[in-house]
Amino acid sequence: MAVEKILKDEASEEKGDRARMASFVGAMAIADLVKTTLGPKGMDKILQSTGRGRGVTVTNDGATILKSLHIDNPTAKVLVDISKSQDDEVGDGTTSVVVLAGELLREAEKLVAMKIHPMTIISGYRMAAECAREALLKKVVDHKEDAEEFRSDLMKIAMTTLSSKILSQDKEHFAKLAVDAVMRLKGSTNLEAIQIIKKPGGSLMDSFLDEGFILDKKIGIGQPKRIENAKILVANTAMDTDKVKIYGARVRVDSMAKVAEIEAAEKEKMREKVNKIIAHGINCFVNRQLIYNFPEELFADAGILAIEHADFDGIERLALVTGGEIASTFDNPESVKLGHCKLIEEIMIGEDKLIHFSGVEMGQACTIVLRGASEHVLDEAERSLHDALCVLSQTVNDTRVLLGGGWPEMVMAKEVDELARKTPGKKSHAIEAFSRALQAIPTIIADNAGLHSAELISQLRAEHHKETSTAGIDVISGTAGDMAELGISESFKVKQAILLSATEAAEMILRVDEIIRCAPRRRENRM
């Protein structure tokens, strides 16, 4: 009896082993793509868009690379998603999480070929992940009570994060900037208060941290260049109606004098609006939209600094930092919350004039000004710094710290190996495979640095069989080095997120036994 076709003509389905193969291949291809960016000697990728202007991005941030790819393989999309969520959650480890998931699937493929059921592999992986997490928890260091020690931990974490990025040459300088900025936040993970401004020119070493807020605008003509004890009204309102603008409506007048009257009425309306704004008792007015010459003149006469066309991110952050709210109507001044700061002045960075607000209400606010050779360098520097800031702000909340440089993976692999020996049945194969996948990360770090990975990893494994070993890969000297002495540290939260996300993603892909693609929608002929 022939089975009727259920799916539409152009829909396709792959079943059983073929579907599994397709998912493994897709996931491993994505992992291999970002693999070379891992570690301090990882290389960068150039991403060129096909849009207008053919924009170019140079980066080695896993999440940025994967976000920019248009992928057809459904399993590869799962890996792109975990790297995105890793980026949102903890900021760093976006490459590691994809590489680990890819390695877990590579190992799973061999097990499936040995006729071990995917569900057995999954339960083995589950046990192994739990065991690996326990192993890390035993080894964490927590310096929450000791401020000095904790600050040095943060410096080490920032330097480790930055050492695989473009900022690796000046990592001490940038680690200090990042730690200072995060310490000002006093434990909040709201990175909105840290503003990053990019100005081409100078070298990366010229970057600096400035307390307060910098707005990338110029001060208008004839207005005060410096204001102390400023009261700031942040607004989003139209200040450009001092000329007749009536779109789509016709106004018939019988003489030019009438037109002049209408214009005078418009001006009067504008003057009333400006007077209402002045009635708030302010001396600085920041508007999201344009301010025309006439109202600007009125503000200048009243001795008020008026800033027009501040970009939206700029005014949202300015309102947040100065403690004000964005207003759009001005009829009852008592309900509008004004922003306050001690001093507003004009400063020069490179060739550009900017407005600097210092002594703002929200004490934790600060601005990091990045200088660099070109836009591409600055974009990549911003991404690197953002990663470091994310990791640091998470570490301030969860103060547990581990050593880095492939040390955590070796610790986990050792424990997982021991679990495999104790576990009877087919699961033990899966647990052993998990330990091999964990060791793949230090292997790749060594490979990327052009070192002999097989020899290094066997050295590390031997070191780790001694009690309380702190051995990891020292990429600079090309040997197994002491991570505690080299000051290479990582945040526990990042490692835990990598381990759990990668295992869950691998599990999800392993469960797949059929891929069904819908038939494409037909465009109807409307001719």
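Me: Hi! Which helices and strands each supply at least two residues of the lining of the second largest pocket?
Reply: Happy to help, and please keep in mind that this is a predicted model. For that lining, β5 (194-200), β7 (213-215), α10 (312-322) and α11 each supply at least two residues.

Me: Which one gives the most to that lining?
Reply: That is β5, with 5 residues in the lining of the second largest pocket.

Me: And which residues lie nearest the centre of the second largest pocket?
Reply: Gln195, Ile196, Asp313, Arg317 and Glu382 lie nearest its centre, out of 18 lining residues. By class, the lining is made up of 7 nonpolar, 3 polar and 8 charged residues. The volume of this pocket is about 470 Å³.

Me: OK, what about the largest pocket, what volume does it have?
Reply: The largest pocket holds about 870 Å³ of space. It is lined by 44 residues, and Pro40, Thr160, Thr161, Ser163 and Ser164 are the closest to its centre.

Me: Which element has the largest share of that lining?
Reply: Helix α6 does, with 6 residues. Several other elements each supply at least two residues to the lining of the largest pocket, among them α4 (94-113), α11 (375-397), α13 (427-448) and α16.

Me: How does the lining of the largest pocket divide by class?
Reply: There are 14 nonpolar, 19 polar and 11 charged residues in it.

Me: You mentioned α16. Where does that helix run, and how many residues has it?
Reply: Helix α16 covers residues 492-510, which is 19 residues. From its first C-alpha to its last it reaches 27 Å, close to the 27 Å expected at 1.5 Å a residue.

Me: What caps its N-terminal end?
Reply: Ser491 does: one of its side-chain oxygens lies 3.2 Å from the backbone nitrogen of Lys493.

Me: Why is α16 described as largely enclosed by the rest of the structure?
Reply: Because 14 of its 19 residues are buried.

Me: Switching to closed spaces: how many cavities of 30 Å³ or more are there?
Reply: The count is 2. The largest cavity has about 60 Å³ of space, and the second largest has about 40 Å³.

Me: What lines the second largest cavity?
Reply: Its lining consists of Leu100, Glu409, Met412, Leu438, Ile441, Lys495, Ile498 and Leu499. Your helix α16 comes up again here, as it gives the most to this lining, with 3 residues. By class there are 6 nonpolar, no polar and 2 charged residues.

Me: And which residues line the largest cavity?
Reply: Met410, Ala413, Lys414, Asp417, Gln439, Arg461, His464 and His465 do. Helix α12 (407-422) and helix α14 (453-464) each supply at least two of the lining residues, with the largest share, 4 residues, coming from α12.

Me: New topic: how many aromatic pairs are counted?
Reply: There are 3 aromatic pairs. One of them is Phe285 with Phe299, which is stacked at 5.0 Å centre to centre, with 25° between the planes. This pair links distant parts of the chain, 14 residues apart: Phe285 sits in strand β9 and Phe299 in helix α9.

Me: Are those two buried or exposed?
Reply: Phe285 counts as buried because its relative accessibility is 0%. Phe299 is buried as well, with a relative accessible area of 0%.

Me: Last one: what does the whole protein come to in helices and strands?
Reply: The protein has 16 helices and 19 strands. Its C-alpha trace spans about 95 × 75 × 40 Å along the principal axes, and buried residues make up 48% of its 527 residues.

Conventions. Residues numbered from 1 in each chain as written. Predicted model: local features only at pLDDT ≥ 70, side-chain atom pairs only at ≥ 80, totals over all residues. Heavy atoms only, no water. Expected span 1.5 Å × (residues − 1). Buried < 20%, exposed > 50% of the residue type's maximum accessible area, 1.4 Å probe, protein only. Polar contact = N/O pair within 3.5 Å; in protein donor to acceptor, adjacent residues only side chain to side chain. Phe/Tyr/Trp six-rings, centres within 6.5 Å; stacked < 30°, edge-to-face > 60°. 1 Å grid on protein atoms, 1.4 Å probe; cavity = no way out; pocket = protein on both sides within 12 Å on 5 of 7 lines; lining within 4 Å. Points joined across faces, edges and corners; volume = space filled by probe spheres on them. Nonpolar A, V, L, I, M, F, W, Y, C, P; charged D, E, K, R; others polar.
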